[in-house]
Amino acid sequence: MPEHDDTTRPDGAGSRPDPAGPAGNAPAGSVQPGAAGDDEALPSFNEQFRAAVQNTGFGKVAPGEAPSGQALVAAIGGVRGLAESVLPGLAFLVVYAITKELVPSVVIPVVIGAVFVVLRLLQRQSLVMSLAGILGVAISAGLALITGRAESNFIPGIVINIVWLIGLLVTLAIRQPLIGLIVGFLLPPNEDGSHQDWRADPAKRRVLTVATWLWVGLFALRLVIEIPLYLTAQVELLAGIKLITGVPLYAALLWVTWLLVRTVFRREGDAAAV
């Protein structure tokens with residue numbers, strides 16, 4: 001979800017079935033289920049979206065399941081994902097605080113991001129998160145170099161926070177809180193294959209709405225702090241605040257969200273166990 005997204009952001013895609021499947025040993029010319037041209041075998045938009053949601057931070061813990069430290073680490077991308085999220089920003093802060101020079105302060109984080117991409121490439125791991133991370137760092141560095149102002153390095157992050165804040169408020173305005181939509185895709189289907197409707201339960205709707213408002217608070221807090229620092233060109237303080245309100249605050253709020261969701265979704269499981 002949210003930046004730390006970010007983007008801060010979570011790694012750890014689930015395992016995928018072999019595209020060849022059991023048809024790999026089928027006789028030539030035979031028609032296999034799921035073969036190219038079989039529209040019924042193509043995943044629907046809902047299925048694709050569900051898979052995407054399951055690979056986010058929220059997808060690491062099913063609704064009603066107790067979160068764990070291991071799940072939290074996985075939700076923020078694991079140890080490597082954490083390093084990829086924190087080190088470029090930390091490098092900018094350290095280099096700028098020591099040198100007060102723009103070029104090395106923005107170039108070194110790009111180099112660090114490139115190193116992570118190369119490491120994942122050599123180990124044949126997913127490059128999605130690393131490429132997204134270095135793209136963001138590169139855009140930030142480019143803006144700073146073009147304008148000649150170190151504070152311009154933080155413009156993309158501020159814009160991302162604004163977009164998330166607006167998006168969350170829109171989902172609340174239309175009474176479809178984003179956390180509720182995400183949880184809805186993580187819930188197991190009913191016996192007839194239909195989706196569970198959390199909207200029909202006032203307690204669930206209330207908790208999911210509160211959880212969404214908490215995320216609104218996160219992005220609003222970032223903007224309230226970062227925009228004045230940006231406008232007054234307090235670069236070092238801005239870099240430090242961004243680190244604090246990035247992964248640490250994201251992880252803490254993710255944990256709180258998991259606990260809130262569990263309070264209303266575990267009741268069904270508890271009742272079934274009685």
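Start with the whole protein chain: of its 274 residues, 37% count as buried. Keep in mind as you click around that this is a predicted model. Switch on the surface and you're looking at about 14900 Å² of accessible area, with 67% of that belonging to carbon and sulfur atoms.

Now go to the cartoon view. How many helices and strands does the protein chain have? There are 10 helices and zero strands. Follow the chain along its sequence and the pattern reads α-α-α-α-α-α-α-α-α-α.

**Stop 1: a nonpolar patch**

Select Val-103, Val-107, Val-111, Val-115, Leu-119 and Leu-145, and show them on the surface. Together they make a nonpolar patch of about 460 Å². Which helix gives the most to this patch? That's helix α4, residues 102-122, which supplies five residues.

Zoom in on Leu-119, which sits in helix α4. Its relative accessibility is 32%, so Leu-119 counts as partly exposed. The label fits because partly exposed covers the range between the buried cut-off, under 20%, and the exposed one, over 50%.

**Stop 2: two Phe rings**

Next, look for ring pairs. The structure holds five aromatic pairs. To see one of them, select Phe-92 and Phe-154: their rings meet edge-to-face, 5.4 Å centre to centre, with 90° between the planes. Where along the chain do Phe-92 and Phe-154 come from? Phe-92 belongs to helix α3 (residues 78-99), while Phe-154 is in the loop between α5 (128-147) and α6 (155-173). They are 62 residues apart, so this pair links distant parts of the chain.

Are these two rings buried or exposed? Phe-92 is buried, at 3% relative accessible area, and Phe-154 is buried too, at 4%. Before you move on, add Tyr-96 to your selection: ring pairs link Phe-92, Tyr-96 and Phe-154 into a cluster.

**Stop 3: two Trp rings**

For the last stop, select Trp-255 and Trp-258. Their ring centres are 6.4 Å apart and their planes lie at 50°, so this pair is tilted. Both Trp residues are in helix α10 (residues 247-273), and they're three residues apart, about one turn of the helix.

Turn the surface back on and check each Trp in turn. Trp-255 is partly exposed, with 29% relative accessible area. Trp-258, on the other hand, is buried, at 5%.

Conventions
Residues are numbered from 1 along each chain as its sequence is written. This is a predicted model: local features need pLDDT of at least 70, side-chain atom pairs count only at pLDDT 80 or more; totals for chains, interfaces and linings use all residues. Side-chain values use heavy atoms; hydrogens and water are left out. Patches are made of residues with over 30% relative accessible area and no salt bridge: like charges are joined within 9 Å, nonpolar side chains (Val, Leu, Ile, Met, Phe, Trp, Tyr) within 5 Å. Accessible areas come from the Shrake-Rupley method with a 1.4 Å probe; for residues, only the protein chains shown count as cover. A salt bridge is a side-chain nitrogen of Lys or Arg within 4 Å of a carboxyl oxygen of Asp or Glu. Helices (H or I, at least four residues) and strands (E, at least two) are DSSP runs, numbered from the N terminus. Buried means under 20% relative accessible area, exposed over 50%, partly exposed in between (1.4 Å probe, protein chains only). Rings of Phe, Tyr and Trp (its six-membered ring) pair if their centres lie within 6.5 Å; planes under 30 degrees apart count as stacked, over 60 as edge-to-face and the rest as tilted.
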